[in-house]
Amino acid sequence: MPVVSPTLPPLAIPRLTPTRLLWAEIRAHPGRIIGVAAACCATAASTGACLLLLLGAGLTDHPANSPEAAAAQSAQDIMALLMSLLLMCAVLVIGSTVSLWTGQRLHQFAVLRALGTTAARLRRMVAADVARLALTSAAVGAAAGAPPLAALGRRLLIEQKMWPAATVLPPTGQMWVACAAVCLATGGVGVLAALLSVWAAGRVNAIDLLKDHESAPGLRRSRARLVTGLSMALMFCVPLLPVMALPGLSAKERAGIAPGLALFVIPTLAVLAPWIIPPLTRPLCAVLRALDRRVGTIAAAGLRATPGRTTALAVPALLAVGITACMLGAGATLGRATQQEVSSAIRADTVISAEPGTRLPASPGPLSAATATPVIATKVTVPKPARKHSSAPKPVRAWGVDGRVLTRVLDLAEHEGDLTKVTEGTFAAGATLADEAKWKLGQSVDLTLADGTTQRSTLVAIYSRDLAFPRMILPRATALAHTASATADRIFLTGPSSAWPAAKGQIVASREDYARTFTRSPADELATRLIVAVIAAYALLAAANTSALAQRDRVAQRAHLRALGLSRFQMLRCVLYEALGAGAIGAVLSGLVAVVCLAPLSMTLGLGPLPAFDIPWTAGVLAGTAAALGAPAVMTAHPLLAVQRQFARRGQ
């Protein structure tokens, strides 16, 4: 009688749901999703704060053409710009992070395909993973971060005199509706940014189980990428270089073009990075081999053998350091030129200025041992240019002071004419304004004064130093008669500073101290630093994510190096050499870009070919870049583990 072998029951495969898949990923590899969650949380918090400030600025009605209305509009413009930057950075950072995260899970997806999961179902599960993670982290960021950040931003804007103190944040109901909208928008951005990764996940098949899944994440070369990068260079970067040398542009316009050029050049280099970064790796490898013959040689081999990984680590450093150096360097260069102009122009012994909210008297009383020369703060609107499609003219800053008195306390470097002839019925203009308006010496111009009165005046002088000083000089009597509640913008004192009866809110500074502490508009400084902070923060977040994910792909390599005799501290140096070396390539490239973009501005301002830089901020971003690349690499690589534990980690 034949023996019948027992029949085994069919293998029961538990039903896999998107929730179970995401929960398993969180439990097994929590570090993989920290980057995506942090990016979504930060985006929701910062974007929600900007939206709350925008809504709050629009809730309060201000009189037309009032200083409060102008301040509210300035704050709204800054917040709108920040929101657009936040959304663009979120797409880039979330997209790159999700792409790396999906690449880490290809082996997992291949197992699911082998177990019978269809491509469409796999794509739906991956999309659900991203959506759940993005919405959850965005909800936390919007609820916990947006209201406090909005309150902090309101206080900062009020302190900088950029927002009326009476303006408040939206009521609680509107606040939570706005936070919910930001949460949904951030989740949508995360899913859209991950679409390519979701599509790639569905293309994985079971044969990928036999492949080495420790591939290096990085930026790939493709013909479309090369064409895109070259097109960006030809369409945006090359035309802006000669524009900066045009003679008709003011120094402030050139200062705006310089960071604008950098905002085109640096993303273009990021697109072309797979072709630019690998050649720059060779000098770095030579330096590493010279500094550390054994470990440096191994790190140099790793950098050159995986150009995609090196490029992926260098690009965030290029973005963070390059944007910081260029945008803040333009302001620092303009500030240095301004301080030099102030230092060369002031002839008075002391300058009296006022703190925000404090007024200086238009007609100070007589002094016993000194002479006070007040300059009246006013504004003038020049005639609209004859060019077609030109916008309405904006009021320009002007001073009201007689020419003979002004030349005794200030040297504005007369270009044409004579400043001492500025009397009733005449005016003087800066060289930049005269060039823009096509004015000639002796020409009569219809000027609209501060109270709306139109007065015909004759141009009697054109001066060169109009960077730190007003663009127009009017007679004192004209400014007093046509300026409501006239006050002095500055008071120049000839004689000992002790002769001035200083009051609360007044700043009494010597000629040298005034020139050294002279700064640009607080609104310009705040807007620039906010933009730099947003871009640098997202770039450093991308650097940290890329550094951590790249190290997880090299478990086997590190185990083999430890088995071949590398000590724990040698392994630590090797990990840091590779991570920080790639960042150094991006930082050096960003420095070259900053010099190229800012050199025309520096030469135009008469400072020579080497521009100025904001050293504290640039050094801070450099330190942040090193920390963002080095710390995640060390935490993920665990270079101080024993050999047995390094090999044990290969199965994780």
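How are α4 and α5 oriented to each other: parallel, antiparallel, perpendicular or oblique? I shall open with this pair of helices and then move along the chain. Please keep in mind throughout that this is a predicted model.

Helix α4 covers residues 106-114, and helix α5 covers residues 119-159. Their axes lie 10 Å apart, and the two helices pack at an angle of about 140°. Angles over 145 degrees would count as roughly antiparallel, and 65 to 115 as roughly perpendicular. The angle here belongs to neither group, and α4 and α5 are therefore oblique to each other. The crossing of α4 past α5 is right-handed. On the α4 side, the residues that meet α5 are F109, L112 and R113. Their partners in α5 are A119, L122, M125 and V126. Sorted by class, this contact contains six nonpolar residues, no polar ones and one charged residue.

Let me now step back to the chain as a whole. It has 652 residues, of which 47% count as buried. Its secondary structure comprises 21 helices and 10 strands. If we take the contacts between residues at least 6 apart in sequence, 82% of them join residues at least 24 apart.

The next pair of helices is α10 and α12. Helix α10 spans residues 273-291, and its axis comes within 9 Å of the axis of α12. The two axes cross at roughly 100°, which makes α10 roughly perpendicular to α12. From α10, the residues in this contact are A273, P274, I277, P278 and T281. From α12, they are P307, T310, T311, A314 and V315. By class, the α10 and α12 contact divides into seven nonpolar residues, three polar and no charged.

A single residue brings a further helix into this picture. I585 is located in helix α19. Is I585 buried or exposed? Its relative accessible area is 5%, and I585 is therefore classed as buried. Setting aside neighbours within four places in sequence, I585 is in contact with I277, L280, T281, L284 and T310. Two of these, I277 and T281, belong to the α10 side of the contact with α12, and T310 belongs to the α12 side. I585 and T311 are 274 residues apart in sequence, yet their C-alpha atoms are 9.0 Å apart in space.

Helix α19 also packs against α20. The axes of α19 and α20 come within 9 Å and cross at roughly 150°. The two helices are therefore roughly antiparallel to each other, and α19 passes α20 in a right-handed crossing. The α19 residues in this contact are L572, V575, L576, A579, L580, G583 and A587. They meet L622, A626, L629, G630, A633, V634 and A637 in α20. Of the residues in the contact between α19 and α20, 12 are nonpolar, two are polar and none is charged.

I turn finally to the charged pairs. How many salt bridges are there? The count comes to 10 salt bridges, and I shall describe three of them.

The first to be described joins D411 and R347, with the closest N and O atoms 3.7 Å apart. D411 lies in the loop between α13 and β4, while R347 lies in the loop between α12 and β1, so the pair ties together parts that are 64 residues apart in sequence. D411 is partly exposed, at a relative accessible area of 24%. R347 is also partly exposed, at 44%. R347, D411 and R465 are linked in a network of salt bridges.

Another salt bridge joins R471 and E436, whose closest N and O atoms are 3.0 Å apart. R471 sits in the loop between β7 and β8, and E436 sits in helix α14, so this pair ties together parts 35 residues apart in sequence. R471 has 24% relative accessibility and counts as partly exposed. E436 is partly exposed too, with a relative accessible area of 27%.

The last salt bridge in this account pairs R529 with D614, at 3.1 Å between the closest N and O atoms. It links distant parts of the chain, 85 residues apart: R529 is in helix α17, and D614 is in the loop between α19 and α20. R529 is partly exposed, with a relative accessible area of 25%, whereas D614 is buried, at 13%. With D614 we are back at the loop between α19 and α20, the two helices that run roughly antiparallel to each other.

Conventions: Residues numbered from 1 in each chain as written. Predicted model: local features only at pLDDT ≥ 70, side-chain atom pairs only at ≥ 80, totals over all residues. Heavy atoms only, no water. Salt bridge = Lys/Arg side-chain N within 4 Å of Asp/Glu carboxyl O. Helix = DSSP H or I, 4+ residues; strand = E, 2+ residues; numbered from the N terminus. Buried < 20%, exposed > 50% of the residue type's maximum accessible area, 1.4 Å probe, protein only. Axes fitted to C-alpha atoms, helices over the stretch in contact; angles between N-to-C directions. Parallel < 35°, antiparallel > 145°, perpendicular 65-115°, else oblique. Left-handed = near helix turned anticlockwise from the far one by under 90°. Contact = heavy atoms within 4.5 Å. Nonpolar A, V, L, I, M, F, W, Y, C, P; charged D, E, K, R; others polar.
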